Amino acid sequence: MESPEAAVTTTKKHKKIRRHSTRLDVQSQSLRRPPEGDSIIQKEPMKLAQPSMPAPKKKIDKAANAKKRKHKNVSSDSGLETANEEGNAKKSKNDTRSDFLTSLGPLNDISSIHPVLDNTLDSTFSKKSKSKLDVTWEKAVCSARGQPDGAELSMRIQKMAAKTPQCSVIEEHDENDQPSERCEEQTAEVKKMEKKTKSLKVKVKGAMKKLKKLKDSKSLPAKLKGNKLKNKLTSKEAAGDAKRTKKANKNAKEEIKDFKKLRNNYALLQSSKRIWEELRKHDLTVDKRVKLCNDLMDISKGKTQMMAFTHDGARVLQCLIQFGNMEQRATLFDELKHKVVEMVESKYAKFIVRKFLSYGSKTERNAVFKSLCSQASRLIRHREASEIIEYTFNEYANATQRQALLEDFYGATYKFLKNDQITCLQDMFNAYPKKKETILENMKEILVPLIEKSMLTHSIIHRLFSEYFLYAEKAMRTEMITELREGIVNMVHSRDGARVAMKCIWYGNTKDRKVMVKSFKGFILKMCLEEYAHQVLLATFDVVDDTKLLSKVILDEIIKSLKEVATNSYGRKLLLYLLAPRDPLHFHPDVIKIMREGDDNEFSKKDSLIRHSELLNAISKPLLKHVTENTKELVSDNNSLLFLVSIITHAKGDKTKAMEAVAEICAETMDSSSLGDLHIVEHPAGHITLKKLIAFDKENYETNKEDNDTVYFSLVLLNTVPESVLKSWAACNRGCFILLAMLETNHPEVSAMLLPILKTMTKSLKMLKFKGAQLLYDFVLYNTKD
């Protein structure tokens, strides 16, 4: 017979097995549903068997309770709850059920739950109605739709796991039962995640504290706070990047070297480059250079066409052409003469053609010209070939060869009608007047694409445009100006280009002129300092009526760099043209003749005197300021003395400060001059400057006797220079002439101030032998008698 305790234990086990099997059947039915199945609400509700209720608790003796307590302690250490806590689990059934259903993730996650350990499914078998259960299950399915397979557990489940590190399964255990392995794994993973999150939080908080300290520190400036931190953070990254780039460059060089080895001419180029390295040295003896040239010729003979189009091979051939003899050059040219046009279009071989033009014989040059002349209009559009065409046209072509290059741009009609008597466009138009319009149209078709391709920097193109404007009628000229107006700034550096730009300004309408003037913006300083470009600005000052536009675009840039412009010979010409336009004292007659071509244009309405006066008003004040700041340089420079005189004599405004600046230099004693060894009175440029300024006083006094506001340099000089210094001037010849010039102005105030001083020096003047002293003595003696 079994004891009462054994019977109780056996009954308990049978009930547990029965309840466990029922739970497995329910779980297998619920978890075997498709992840994206049809709605449960629309179909017949699923029939589930109600699990058997747990048996009521019976009274157990003290020994059984002791065993239960012992098992409870073991299970609590492993993270599992004991069976005697089933009553507490029943009380929280409703909460567990609602939490589980709201936390359901994708169905794949649901299906992955262990059927035995997941006791939360018990909460679904409550006494509530089936309709409510179905609706709740449908919500769970809806929330799971659209989730990708293999997705992680929902956030709700993760939060629950984080809050309760123990296993959520509530199950009865016997004395000999052990905790589940899966529960242990889950607990270990949760603990690891907690440790990782805590360590990350600690690191982030530490970094934030450091950043805050750096920002709040008063020792560092505000700008350097972020920069220092960035430097510390990126220093290691920069070092790593540098190492990686070095490795990448090294690998790339090795790959390029391996690729070059695959070429057929690798051995040839390597051997020729070794000789080239020695041949290009400047300290070689003649014999050694001859030997190296012979060796190099032997290696490259018959293979020059292959070498000419490579980077290193082209260098070798250039060196051989430069240092080789005539026979070697002739041999190389015979191999390459049929490839001249292809070489001109090559990035590397074009330099070989340049070497033949520089060092080749007359026959070789003529052969190069002959190859280029027939295709000049095509090659000028090529980026590489256009450089050789320009170099050939400017440096080595004679008049006949230049004309031959130009004829390719005249069109097919000119080529068809050309004969021995026709050598230029003028001869063609004289022989065939009716073909003039056709030839000019052909030229226009060739030239207009060159404007679009920005080829206007080449002088051969400037010559073509110059000839076109020379023979074109008014309508054709107007059309070309419209096409060319935005690009003339690229043409002004050559003689022909400057003439074309001037004709565009002269014959263009008001709109064209405005566009052209605006295109000069940013290039004004460069134009002022060039021989031909500054003439374009002179033509602009002559015909453009919008003086405000000229002041804003041109004069403002000149004023910003006034000192640089004033010290340049062409820049001074430009400033002198603003002060005294077309003055023969400053400008050559040929320049004046060129400028007169634009006087008869139909688009200039404003009077030239008014236009000149408005421009002079804009430039006068900066020029007078320039004189006061740079008086010593202007006075002592032979090239600048006329410029100084022109500023003082022609500028508008108060000239007193400029005159006083010159007079202060004159007030220095003869022994201590700031100009060096010579005083301004004895200086070759200084004394001429003073004489011209005093001579202008004489002219000014004769024309403006009644004007009391006029400032005279002689009066400023006498008021500034001490009497003792004036007397010392009489001790030198040039000083005497300056004093005599002041007396000859016939200004009463000047005579009244200077004659009493000179009367006290008549005995000294009489004893001096040089011409200036004698003339001054006679003038003083004559005026004293009166």
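Q: What counts as a helix or a strand here?
A: A helix is a DSSP run (H or I) of at least four residues, and a strand is a run (E) of at least two. Keep in mind that this is a predicted model.

Q: With that in hand, what is the chain like over residues 335–370?
A: This stretch is 72% helix and 0% strand, and its end C-alpha atoms sit 17 Å apart. UniProt lists residues 335–370 as "repeat: Pumilio", in an unreviewed entry. As for the whole chain, it has 44 helices and 0 strands.

Q: How do you know what span to expect for helix H23, and what does H23 reach?
A: Take 1.5 Å times one less than the number of residues. For the 17 residues of H23 (436–452), the expected value is 24 Å, and the helix reaches 25 Å from its first C-alpha to its last, so the two are close. Just after H23 comes Ser454, whose phi is positive, near 60 degrees.

Q: What makes a residue of H23 buried, and which ones are?
A: Buried means under 20% relative accessible area. In H23, the residues that pass include Ile439, Leu440, Met443 and Ile446, and also Asn442 and Lys444. Their cover includes helices H21, H22, H24 and H25. Over the chain, buried residues make up 41% of the 786 residues.

Q: Which helices pack against the buried residues of H37?
A: They are H34, H35, H36, H38, H39 and H40. The buried residues of H37 (656–666) include Ala658, Met659, Val662 and Cys666.

Q: Why do we describe H20 and H24 as parallel, antiparallel, oblique or perpendicular?
A: Helices H20 and H24 pack at about 75 degrees, with their axes 11 Å apart. Angles of 65 to 115 degrees count as roughly perpendicular, so H20 is roughly perpendicular to H24. Arg402, Leu405 and Leu406 of H20 make the contact with Ile460, Arg463, Leu464 and Glu467 of H24.

Q: Is Phe779 buried, exposed or partly exposed, and what makes it so?
A: Its relative accessible area is 22%. Buried needs a value under 20% and exposed needs one over 50%, with partly exposed in between, so Phe779 is partly exposed. This residue is found in helix H44 (771–785).

Q: What does Phe779 touch, leaving aside residues up to four places away in sequence?
A: Contact means heavy atoms within 4.5 Å, and Phe779 has such contacts with Leu740, Leu743 and Glu744. Leu743 is 36 residues from Phe779 along the chain, but their C-alpha atoms are separated by 8.5 Å.

Technical notes. Residues numbered from 1 in each chain as written. Predicted model: local features only at pLDDT ≥ 70, side-chain atom pairs only at ≥ 80, totals over all residues. Heavy atoms only, no water. UniProt positions renumbered as here; feature names shortened; annotations may be inferred. Buried < 20%, exposed > 50% of the residue type's maximum accessible area, 1.4 Å probe, protein only. Axes fitted to C-alpha atoms, helices over the stretch in contact; angles between N-to-C directions. Parallel < 35°, antiparallel > 145°, perpendicular 65-115°, else oblique.
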